[in-house]
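This briefing is meant for a reader meeting the structure for the first time. Please look over the sequence and the 3D view before reading on.

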Amino acid sequence: MKKVNVNEWQVALVFKNGAYKKMLLAGNYWFWKNEQVLIYDITKQFVAPVELNILLQDQALADILQVIEVKESEIVLQYENGLLKQVFSAGRYAFWKSVVKNEFIRADISRVEIDESIDRSLLSKAPLNNWVRSTEVQSNEKAVLFMDAKMVRLLEPGIYYWWKNPVSIQVAKADMRRQQMEVNGQEILTRDKAALRINAWLQYQVTDIEKALVQNKEYEKQLYVAVQLALREYIAAYSFDELLEKKESLTPFVQQQIQDKAVALGVELYGFGIRDIILPGDIKEIMNQVLVAEKKAQANSIMRREETASTRSLLNTAKLMEENAMLWKLKEMEYVEKIADKISNISVSGNGDLVSQLKQIFVSPK
């Protein structure tokens, strides 16, 4: 025989020749060699050594066990003394009724939405996070929720959780801030076959997320193409020279052309502009030659105007000096002063008054 001690927080199951016989509570017991005794801690989960239904035939044992059955479409959350300990999938589980307070919460995971009774702070932590899928919508975004390829609702900024199950979930997001689109390197021919390269920009903002993400596919690409076509329509209608004259009307034309398309895409336009118009090499060289010729012509015209003005000024001065002897003398003194600043000696030859001689040189006889 053998002696077995069962402590206060233990339960013993007795088997004879492999068959269950009885349950024993705390105490000291003697057993024959062909009897097997399994001792369990009643503060922990009970794992049956044989089919649980066989053990539950013993009413005394059934009364101190709490059996949890979990269906295929369920999970059960076990809280031990108020704290989440583990999550059970489909199956049967047993716990001892003891001083340890076990609480079980069922969740139907065949539904996508998570019941509000489950603490959201636990959804992103182990062990529950293995059963949950989530998405985050930033503060500058809005989103559209699709389930099994069907639109369900719009999502405002926040964090969203759903159970993992066969239901397909997709979340399409759109940035609701004002954005800028670059439309660069557009090779476009004018009416007279001059190839231009256009770099432009467009500012816009998504205002109707359902139009942008549900009613249209890739709204940004569609908006880009609309700008391309409007640019080509305008530039192809004019020759190169006409385009240079009417380039100021290009921006309002493009804005007007894409306005209705933008509304249909769920966006609002805030501005459009041309950053660069790049000319091909041969046209650029011709334009430079024209510019140089124009500047030379302007320079020649200015020089002729200045020469004419200078000649007219000299003529007026000469007439005044001819009519006013005092002015002549003052002018003579001015020149003598300038000459004296440049040289140290002045020699005057000949007879007669110096002023009279200068007058004969500069003023022709009447």
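The points below cover confidence, one helix and the nonpolar cores.

This is a predicted model, and the mean pLDDT of its chain is 86, with 83% of the residues reaching 70 or more. Its largest nonpolar core has 36 residues, and helix α6 is among the elements that give two or more residues to this core.

**Confidence along the chain**
- Among the elements of the chain, strand β13 (residues 141–147) has the highest mean pLDDT, at 96, whereas helix α9 (residues 354–362) has the lowest, at 52.

**Helix α6**
- Helix α6 covers residues 250–264, and its 15 residues reach 23 Å from the first C-alpha to the last, which is close to the expected 21 Å.
- The helix has a kink of about 40 degrees centred on I258, a residue that is buried together with L250, V254 and A262.
- The buried residues of α6 pack against β18 (195–206), α4 (219–236) and β19 (267–278).
- Just after α6, G266 takes a positive phi of about 80 degrees.

**Nonpolar cores**
- In the largest core, the residues with the most contacts inside it are L202, Y219, L223, L231, I258 and V267.
- Elements giving two or more residues to this core include β13, β17 (179–189), α3 (209–215) and α5 (240–245), while α4 gives the most, with 8 residues.
- Leaving aside residues up to four places away in sequence, L223 touches M181, L202, Y204, A262, L265, V267 and L269.
- A second, separate core has 15 residues, among them L84, A107, I109 and Y161.

Conventions:
Residues are numbered from 1 along each chain as its sequence is written. This is a predicted model: local features need pLDDT of at least 70, side-chain atom pairs count only at pLDDT 80 or more; totals for chains, interfaces and linings use all residues. Side-chain values use heavy atoms; hydrogens and water are left out. Helices (H or I, at least four residues) and strands (E, at least two) are DSSP runs, numbered from the N terminus. The expected span of a helix is 1.5 Å times one less than its number of residues. The bend at a residue is the angle between axes fitted to the seven residues ending there and the seven starting there. Buried means under 20% relative accessible area, exposed over 50%, partly exposed in between (1.4 Å probe, protein chains only). Contact means heavy atoms within 4.5 Å. pLDDT is the predictor's confidence in each residue, from 0 to 100. A nonpolar core is a set of buried Ala, Val, Leu, Ile, Met, Phe, Trp, Tyr and Cys residues joined through side-chain atoms within 4.5 Å.
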